[in-house]
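User: I would like to learn how to read the features of a helical model step by step. Could you take me through them, with the general idea before each case?

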Amino acid sequence: MSHKEDLLAGAVRCLRDKGYARTTARDIVAASGTNLASIGYHYGSLQALLNAAVMQAMDDFGAEMGRAMREEPAGSLLERFQRFWTQVTDSFRESPGVWRATFDALDVAQREPQVRTALADGIEDARTLWAQAVYGLAADDADARSVGALHQALISGVLAQWLIDPERAPTAADLASALRAIARLAGQ
C-alpha cells in the first residue's frame, strides 16, 4: 500500500478505537506506520484525512451490509429486516467510535461543502442499497427511493438511541415487532 492508503487505513482504525474527536495526527501516524508530513502531503490536513476515513468507514459498512444481505437473500421480508438489524446493532457494539464519528461528520458537513456533498451522495447511495438489499426492490422501482429513505432514517434514529442509551435501545427483534405492528395497523 502507498503512504496515502496506509494513512487512510490507520485513520479508520483510529476512528474505530477512539472516535473522530479524540483521534490525533500522532495516533494515525502510529497506526499507519507513516510520518506526520505524510498527512499534509496526501490529505492537506488532519481534518481532511479524518473526513475521508469517516467516508471510508461508512462505505465499508454499506458494502458489508449489502454483501451480507446478498449472501443470505432468502426469507420473508421480516426475516431479512431482522437479519439486517441484527448485523447493524452488532456493528454498533463492535465499532462505537465509527458510529460516533458519523455524528461528528454531520457537524463538519455544516461547515465543509465537500464533506456535505460526500455525505449527501453516500446517503443517496445507501437509500438505493437498503431498498435493494433489505426489501428486494430494483433501483428503478418507483418505491425504491422512498422505502430506502425511510430505512436510512431508521438507521440514523436507531444509531442515536444506541449511542445515547445502548441498554434500552431497540434490538433487531424490537424493530421487527414494530414493523409487524405497523403492517397490521396499516391493514385496518
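Analyst: What follows goes from the whole chain to a pair of helices and then to single residues. This is a predicted model, in which local features need pLDDT of at least 70 and side-chain atom pairs count only at pLDDT 80 or more, while totals for chains, interfaces and linings use all residues. Residues are numbered from 1 along each chain as its sequence is written, and side-chain values use heavy atoms, with hydrogens and water left out.

User: How many helices and strands are there in the protein?

Analyst: Helices (H or I, at least four residues) and strands (E, at least two) are taken as DSSP runs and numbered from the N terminus. On that basis the protein has nine helices and zero strands, and the order of elements from the N terminus is α-α-α-α-α-α-α-α-α. The radius of gyration of the protein is 18 Å, close to the 16 Å that the globule rule gives for 188 residues, so the protein is as compact as a globular protein of that length; the radius is taken over C-alpha atoms, and the rule is 2.2 Å times the number of residues to the power 0.38. Along the principal axes, the C-alpha atoms fill a box of roughly 65 × 40 × 35 Å.

User: What share of the residues of the protein count as buried, and what does the protein expose?

Analyst: A residue is buried under 20% relative accessible area, exposed over 50%, and partly exposed in between (1.4 Å probe, protein chains only). Of the 188 residues, 39% count as buried. Accessible areas come from the Shrake-Rupley method with a 1.4 Å probe, and for residues only the protein chains shown count as cover; the protein exposes about 10200 Å², of which carbon and sulfur atoms supply 54%. As for contacts, which mean heavy atoms within 4.5 Å, residues 24 or more positions apart account for 60% of those with a separation of 6 or more.

User: At what angle do the axes of helix α1 and helix α3 cross?

Analyst: Two packed helices are described by the angle between their axes and the distance between the axes. Axes are lines fitted to C-alpha atoms, for helices over the stretch in contact, and angles run from 0 to 180 degrees between N-to-C directions. For helix α1 (residues 3–18) and helix α3 (residues 36–43), the axes come within 10 Å and cross at roughly 105 degrees. Angles under 35 degrees count as roughly parallel, over 145 as roughly antiparallel, 65 to 115 as roughly perpendicular and the rest as oblique, and α1 and α3 are therefore roughly perpendicular to each other.

User: Which residues in α1 and α3 meet?

Analyst: From α1, His3, Lys4, Leu7 and Leu8 meet Ser38, Ile39, His42 and Tyr43 of α3. These residues divide into four nonpolar, three polar and one charged, where Ala, Val, Leu, Ile, Met, Phe, Trp, Tyr, Cys and Pro count as nonpolar, Asp, Glu, Lys and Arg as charged, and the others, Gly among them, as polar.

User: Is Ser38 buried or exposed?

Analyst: Ser38, in helix α3, has a relative accessible area of 6% and is therefore buried. Not counting residues up to four places away in sequence, Ser38 touches His3, Leu7 and Tyr43. Leu36, also placed in helix α3, counts as partly exposed at 38% relative accessibility, and its contacts, leaving aside neighbours within four places in sequence, are with Ala25, Arg26 and Val29.

User: Which residues of helix α2 are buried?

Analyst: In helix α2 (residues 25–32), the buried residues are Asp27, Ile28, Val29 and Ser32. After α2 comes Gly33, with a positive phi near 70 degrees.

User: With which residues is Ala176 in contact?

Analyst: Ala176 lies in helix α9 (residues 172–186) and counts as buried at 0% relative accessibility. Leaving aside its neighbours within four places in sequence, Ala176 is in contact with Leu78, Phe81 and Gln82.
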